[in-house]
Amino acid sequence: MLNKFMKRGQRKPSKTDTDVYDQHTPTGNHSSASTTAADGDTPPPATSGALEPLPMFREVPVSERQKLFLKKCHVCRFQFDFTDTTKMAIEKEIKRLNLLELVDYVQTDSGKITESNQEEMIRMISVNIFRCLPPGPHEITGSIPLDTEEDEPYLDPSWPHLQLVYELLLRYIVSTDTDTKVAKRYIDQTFVLKLLDMFNTEDPREREYLKTILHRIYGKFMVHRPFIRRAINNIFYQFIYETERNSGIAELLEILGSIINGFALPMKEEHKLFLVRALIPLHKPKQIGFYHQQLSYCITQFIEKDNKLSDTVIMGLLKYWPVTNCQKEVLFLGELEEVLEATQGQEFKRCMVPLFRRISKCLNSPHFQVAERALFMWNSDHIVGLIAQNRTVVLPIIFQALDTNIRAHWNPAVNGLTVNVRKMLMEMDLEFFEEYQREFAEKQALVKVEESQREEKWRKLQETADMDQIG
C-alpha cells in the first residue's frame with residue numbers, strides 16, 4: 001500500500017496542484033522556488049485514501065533520514081474532515097504522529113535538512129494552513145461584534161493537526177541550522193501575505209501562533225521587514241475604510257508594538273506617516289474595544305520615541321472622539337492621559353485649547369464614568385504641572401463646566417471630585433482665580449439680565465397678539 005501511495009506521489013501535478021503554493025508568486029522574487037514548484041513531483045493535498053504508518057527516524061540509519069523526512073512530508077499533505085471525529089480516525093492519528101516526528105526532528109536533530117526537503121516541508125505547511133476560513137458569527141448574522149466577552153471563541157476542530165504544523169514552522173524558523181539565504185526562497189513575500197491573511201481566523205489559539213511566527217520572520221528575515229510593514233499597513237486600511245472586520249488586529253498591533261520599540265532615531269518619515277495614516281484612524285471603528293490596549297501601547301511607543309509627535313496624536317484623538325458611545329469615550333480619556341504623561345510643554349501649548357474644550361464637555365457628561373475619568377486626570381502630577389504653566393488659558397475654558405458640576409451634577413462622587421479639582425486650580429493662582437471668578441459672575445449676571453429682557457419681549461409680543469385676536 002505504501003509503494004502504491006509513493007508511486008501515486010510521483011505523478012506530475014496539475015496547474016491547480018502547483019497553485020497551492022505558487023499561484024501569487026511575484027516575478028523575479030525567487031527563481032529557484034518558483035521553478036521547482038512548477039516542475040515538482042510531489043502529491044497534491046488529498047482528502048481521502050488510506051495511509052500506512054512510516055518508521056520513526058530513530059529506527060532508520062542516518063543516511064536514510066532525509067528520504068524518510070520527504071516521505072513524512074508527503075503523508076502530512078493529506079487533508080481530513082474533522083467535523084466527524086470517527087471518520088478516518090486511524091489515518092488522522094498516523095498524520096499526527098508523523099507531524100510530531102517532524103517537529104521533533106527539526107527541533108533536536110543536529111543534521112541540516114536538505115534544500116529540496118525544506119522546500120517540500122514549506123509546501124506541506126502551506127497546504128495545511130493556507131485554507132478558506134469558515135465565516136464568523138458576524139458574517140452570518142451581518143452584525144458587528146462589539147462585546148469582547150459575550151461570545152465563546154470559535155475553536156477549529158482541525159487544531160490537533162494545525163497546532164503541530166504551526167509548531168513545525170516555528171521550530172524551522174527559530175532553528176540555528178536554518179540558513180536564512182536558503183529559507184527566504186521558500187518563506188517569500190507570497191508566503192508572508194498568505195500568513196497575514198490567516199490572522200482573520202476566529203480561533204485565538206491560531207492567531208497566537210501566527211503572531212509568534214510572523215514576529216520571528218520579521219526578526220530573522222531582514223529583507224522582508226519593509227514588505228511586512230507595508231502589508232500590515234494595507235490590512236489596517238482595509239479594516240478602517242472597507243470592512244471593519246478582522247479578527248487579528250490586536251495580534252498585529254502587538255507585533256507592531258515590538259517593531260516600533262526598535263525604530264532608530266531620528267524617526268523616518270515613513271514611520272510617522274504610518275502613525276498618522278493607519279494607527280490614529282484605527283480609533284474610528286466601533287470594535288475598538290477588541291484592540292484598544294494594544295493600539296494605545298503602539299501610540300505611546302511612538303511618543304516615547306519622539307515626544308514632538310504628541311500634539312499630532314492628541315489632535316488625531318480629538319478628530320475621532322466618540323459623541324454617543326460612552327464606553328469608547330472612557331477608553332479615549334484613558335489613552336489621552338497616557339499621551340499627556342509623555343507630552344512636553346511646547347507640544348501641549350499647540351493643542352491645549354481644543355483639548356480642554358473637549359475635556360470640559362466630558363466633565364459635564366451625564367454618564368458618571370466619563371465625568372469621573374476626565375476628573376482623574378488631575379491625579380497626574382505631570383498633567384497638573386502642564387495646566388499650572390498655562391492656567392490663564394485652561395481655567396477660563398473649564399471654569400463653567402466645574403461650576404455646573406458643583407451646582408447640578410447628579411452623581412455625588414463626580415460632585416466631590418469636581419470640588420477637589422476646583423480647589424487645586426484655586427491654589428495654583430489664587431489672585432487669577434478670584435479675578436476670573438468675578439468676571440464669570442458678572443457674565444452670568446449679564447446673561448440673566450438678557451434672558452429676563454428676552455422673556456419680557458416675548459411676553460409683550462404675546463399680549464399684543466392676544467389683543468389683536470380679541471379686536
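In this predicted model, E431 is exposed, with a relative accessible area of 64%. The residue belongs to helix α23, which spans residues 430-470. E431 does not stand alone. Together with E434, E435, E439 and E442, E431 forms a patch of negative charge on the surface. The label "exposed" applies because a relative accessible area of 64% is over the cut-off of 50%.

T343 presents the opposite case. Its relative accessibility is 0%, so T343 counts as buried. The cut-off for that label is under 20%. T343 sits in a loop, between α17 (326-341) and α18 (345-363). Its side chain has a polar partner. That partner is the backbone oxygen of V339, reached at 2.7 Å.

Helix α18, on one side of this loop, also holds R350. R350 is partly exposed, at a relative accessible area of 49%. This value falls short of the exposed class, because that class needs over 50%. R350 can also be placed relative to M315. The two residues are 35 apart in sequence. In space, their C-alpha atoms are separated by 9.6 Å.

The backbone shows some less common geometry. Most residues other than glycine have a negative phi, and most peptide bonds are trans. Against this background, three sites are described here.

The peptide bond between L265 and P266 is cis. Its omega is about -5 degrees. P266 lies in a loop, with α13 (249-261) on one side and α14 (269-279) on the other.

M88 is not a glycine, yet its phi is positive, at about 50 degrees. This residue is found in the loop between α4 (65-75) and α5 (89-108). M88 has a relative accessibility of 21% and therefore counts as partly exposed.

E244 also has a positive phi, near 55 degrees, and is likewise a residue other than glycine. E244 is located in the loop that links α12 (225-243) to α13. Its relative accessible area is 19%, so E244 is classed as buried.

M88 and E244 thus receive separate labels, because the boundary for buried is under 20%. M88 has 21%. E244 has 19%. Both residues occupy loops: M88 between α4 and α5, and E244 between α12 and α13.

Notes
Residues numbered from 1 in each chain as written. Predicted model: local features only at pLDDT ≥ 70, side-chain atom pairs only at ≥ 80, totals over all residues. Heavy atoms only, no water. Patch = residues over 30% accessible without salt bridge, like charges linked within 9 Å, V, L, I, M, F, W, Y side chains within 5 Å. Areas by Shrake-Rupley, 256 points an atom, 1.4 Å probe, with all protein chains shown as cover. Salt bridge = Lys/Arg side-chain N within 4 Å of Asp/Glu carboxyl O. Lys, Arg positive; Asp, Glu negative; His and termini not counted. Charge placed at Lys NZ, Arg CZ, Asp CG, Glu CD. Helix = DSSP H or I, 4+ residues; strand = E, 2+ residues; numbered from the N terminus. Buried < 20%, exposed > 50% of the residue type's maximum accessible area, 1.4 Å probe, protein only. Polar contact = N/O pair within 3.5 Å; in protein donor to acceptor, adjacent residues only side chain to side chain.
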